[in-house]
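Reader: Please take me through one part of this model closely, the nonpolar core and the elements around it. I would like a single connected account rather than a list.

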Amino acid sequence: MKIVKGYRHTGIICEDMEKSLRFYKEFLGLRVIQDFWDDSDYINKITGLQNANVHMIKLQAEDGTVIELLDYVTHPTDLIDQEVYNVGACHLARQANNIEEAYKELQSKGVSFISEPVLSSEGIAKVCFCFDPNNTRIELVEML
C-alpha cells in the first residue's frame, strides 16, 4: 500500500503574520489563495490543543506548490535558532528565475542571507540560503 500520494503544502508557524505575509507575497511573489481563522473542534482535535484560534494564510507559487502560514494567536511560541545541522531544523527550497537578481532584490529589502549565490558542487545549479521573518531557512535554487 502506498501511503503518500504527493506533496500537499508546507506549514510555517509565524511569530508575526504580517511580516511573514509580506515576505512570501511581496518579496517572493506568491499569491494568497486562502486567508481564514479557525477555532473549531477540528483544529483543536488535530493539533492536540484546547481553545486554539489559528489564523491561516495559504500562498501559491507559479508551479502550484503551496505554503501555509499559521499564527496560533492563542498559543504563541518563540522563534527557534535554526542551524542547518540541528536535528529538526528545516528549510524550504524554492526555484528562482534569476538567482543573482533575486539575491540583489531581496538584500535591498533587508532580507538576511548566509552567502551570495554559489555554483553547486555538481555544477547544475546556483544556490543560496536566506531567512524568512520566522528564521526559517529558504533555499533559493536556479537550475542551470
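Author: What follows starts with the chain as a whole, moves to the core, and ends with three single residues.

The model is predicted. Its protein chain has three helices and eight strands, arranged along the sequence as β-α-β-α-β-β-β-α-β-β-β. The C-alpha atoms fit a box of roughly 50 × 45 × 30 Å along the principal axes. Of the 144 residues, 37% count as buried. Among contacts with a separation of 6 or more, 53% are between residues 24 or more positions apart. The accessible surface is about 9,400 Å², and carbon and sulfur atoms account for 49% of that area. As for charge, there are 14 positive and 23 negative side chains, with the centres of the two sets 6 Å apart.

Now the core. In soluble globular proteins, nonpolar side chains tend to be buried together. In this chain the largest nonpolar core has 24 residues, and the members that touch the most others are Y24, L69, F113 and L140. At least two core residues come from each of α1 (17-27), β3 (54-60), β4 (66-72), α3 (99-108), β7 (125-131) and β8 (137-143). The largest share, five residues, is supplied by α1. A second core, separate from this one, has six residues, including I43, A52, M56 and L70.

Helix α1 deserves a closer look. Its buried residues are M17, S20, L21, F23, Y24 and F27. Several of these recur around L69: beyond four places in sequence, L69 contacts M17, S20, L21 and Y24, along with I12, C14, H55, M56, I57 and L59. At the start of α1, the backbone nitrogen of E18 has a side-chain oxygen of D16 within 3.1 Å. Just after the helix comes G29, with a positive phi of about 85 degrees.

Strand β3, which also supplies core residues, contains a lysine, K58. Is K58 buried or exposed? K58 counts as buried because its relative accessibility is 10%, and the limit for that class is under 20%. Leaving out residues up to four places away in sequence, the residues K58 touches are R8, R31, V32, I33, Q34, V66, I67 and E68.

Ahead of β3, in the loop that follows α2 (41-47), lies N51. With a relative accessible area of 69%, N51 is exposed. Its phi is near 60 degrees, which is positive although the residue is not glycine. Not counting neighbours within four places in sequence, N51 is in contact with N44, T74 and H75. The C-alpha atoms of N51 and D41 are 8.6 Å apart, and the two residues are separated by 10 positions in sequence.

N135 also has a positive phi without being glycine, with a value near 65 degrees. This residue sits in the loop between β7 and β8, two strands that each contribute at least two residues to the largest core. N135 counts as partly exposed because its relative accessibility is 30%, a value in between the limits of 20% and 50%.

Terms used: Residues numbered from 1 in each chain as written. Predicted model: local features only at pLDDT ≥ 70, side-chain atom pairs only at ≥ 80, totals over all residues. Heavy atoms only, no water. Core = buried A, V, L, I, M, F, W, Y, C linked by side-chain atoms within 4.5 Å. Buried < 20%, exposed > 50% of the residue type's maximum accessible area, 1.4 Å probe, protein only. Helix = DSSP H or I, 4+ residues; strand = E, 2+ residues; numbered from the N terminus. Contact = heavy atoms within 4.5 Å. Areas by Shrake-Rupley, 256 points an atom, 1.4 Å probe, with all protein chains shown as cover. Lys, Arg positive; Asp, Glu negative; His and termini not counted. Charge placed at Lys NZ, Arg CZ, Asp CG, Glu CD. Polar contact = N/O pair within 3.5 Å; in protein donor to acceptor, adjacent residues only side chain to side chain.
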